[in-house]
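The following exercises invite the reader to study a protein chain step by step. Each task is followed by a worked solution.

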Amino acid sequence: MPTSAPVAKRRILIVDDDPLLLQFLNEVIGHAGYDTVTASSGEEALQQIVAGEPDMALLDITMPGMTGLELAHHLKTHTTVPFMFLSAIGDSESSKQAAAYGALGYLVKPVDAERLMPAFEAGLARADDIRQLRRTELNLNAALAAGRETSLAVGLLMGKFQTDRNTAFEVLRDHARSSRRKINEVADQLLAAEETLNSLHAGFASRLKSK
């Protein structure tokens, strides 16, 4: 009986300059079934990210050298890595600042396992929702773009061959099927060819005028 492939563990990057807290977070999150990597500075965290983007980063805000906020700005600007903050400061202004940086959660030190995991997993679920929304948006935009190209190509065929919309679409679709291509690819090629012909027509017209 075939066995199913094992599900890959979610990869979590934990960044904190406190070695004891870093070890504690690593153990708690690791025991919860996640694959963890650690860094004791922002600079080290960037090296870990180059090696492979994690599914979530847990960032200490106050660190020597690159701060957690500076690291978060880099993640938001140059990667797709979602992140949460760890901080010893629990006032509303700090949490607002964290939200402004795009953090999906804000944990106040000291943290224990009972508070850490529910907040962490809620942030991870939120990150998954955002990824799904982005994928949906990309797919929708691609579908809309393909639809526009096809519609323009159908209109072009209607004008060229003095036919109705359904016939023009069916001919375009049949040609795409016979050539084993997507209809939007054929439509895009047709539109590009028409643009080239129009450019050549303008060139001929210009030369005839100069004679």
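Accessible areas are obtained here by the Shrake-Rupley method with a 1.4 Å probe. The model under study is predicted.

**Exercise 1. Determine how much area the protein chain exposes, and what share of its residues is buried.**

Step 1. The exposed area of the protein chain is about 13,400 Å². Carbon and sulfur atoms supply 56% of that area.

Step 2. A residue counts as buried under 20% relative accessible area. Of the 211 residues in the protein chain, 31% are buried.

Step 3. Contacts between residues at least 6 apart in sequence may then be considered: 58% of them join residues at least 24 apart.

**Exercise 2. List the helices and strands of the chain and describe how the strands are arranged.**

Step 1. Seven helices and five strands are present in the protein chain. Along the sequence they follow the pattern β-α-β-α-β-α-β-α-β-α-α-α.

Step 2. The five strands form an open sheet with parallel pairing, in the order 2-1-3-4-5. Strand 2 (35-39) and strand 5 (106-108) are the edge strands, since each pairs on one side only. On average, neighbouring strands of this sheet are turned by 20° against each other, direction ignored.

Step 3. In general, the strands of a sheet pair through backbone hydrogen bonds.

**Exercise 3. Identify the partners of strand 1 and state which way its residues point.**

Step 1. Strand 1 (residues 11-15) runs parallel to strand 3 (residues 56-60), and four bridges join the two. Within this pairing, L13 has A57 as its bridge partner.

Step 2. Strand 1 also runs parallel to strand 2, to which five bridges join it. Here R11 stands opposite D35.

Step 3. In a regular strand, side chains alternate between the two faces of the sheet. In strand 1, R11, L13 and V15 point one way, while I12 and I14 point the other way.

Step 4. Five of the five residues of strand 1 are buried, and the strand is thus mostly covered.

**Exercise 4. Explain why the buried residues of helix 6 can be said to line one face.**

Step 1. Helix 6 (residues 165-178) has 14 residues. From its first C-alpha to its last it reaches 20 Å, close to the 20 Å expected at 1.5 Å a residue.

Step 2. The buried residues to consider are A168, L172 and A176. Viewed down the axis of helix 6, the buried residues fall within an arc of 70°, so they line one face of the helix.

Step 3. A general rule is helpful: an α-helix has 3.6 residues a turn, so residues three or four places apart point the same way.

Step 4. On the other side of helix 6, the exposed residues are N166, V171, R177 and S178.

**Exercise 5. Decide whether T150 and I61 are buried or exposed, and name the contacts of each.**

Step 1. T150 is located in helix 5 (residues 113-161). Its relative accessibility is 10%, so T150 counts as buried.

Step 2. Not counting residues up to four places away in sequence, T150 touches F169, L172, I183, N184 and A187. One of these, L172, is among the buried residues of helix 6.

Step 3. I61 lies in the loop between strand 3 and helix 3 (68-78). With a relative accessible area of 14%, I61 is buried.

Step 4. Leaving aside neighbours within four places in sequence, I61 is in contact with T67, G68, L69, F85, L86, S87 and Y106.

Step 5. I61 and I89 are 28 residues apart along the chain, and their C-alpha atoms are separated by 9.4 Å.

Methods. Residues are numbered from 1 along each chain as its sequence is written. This is a predicted model: local features need pLDDT of at least 70, side-chain atom pairs count only at pLDDT 80 or more; totals for chains, interfaces and linings use all residues. Side-chain values use heavy atoms; hydrogens and water are left out. Two strands pair if DSSP finds at least two bridges between them. Axes are lines fitted to C-alpha atoms, for helices over the stretch in contact, and angles run from 0 to 180 degrees between N-to-C directions. Buried means under 20% relative accessible area, exposed over 50%, partly exposed in between (1.4 Å probe, protein chains only). Contact means heavy atoms within 4.5 Å. The expected span of a helix is 1.5 Å times one less than its number of residues. The arc is that of the directions from the helix axis to the C-beta atoms.
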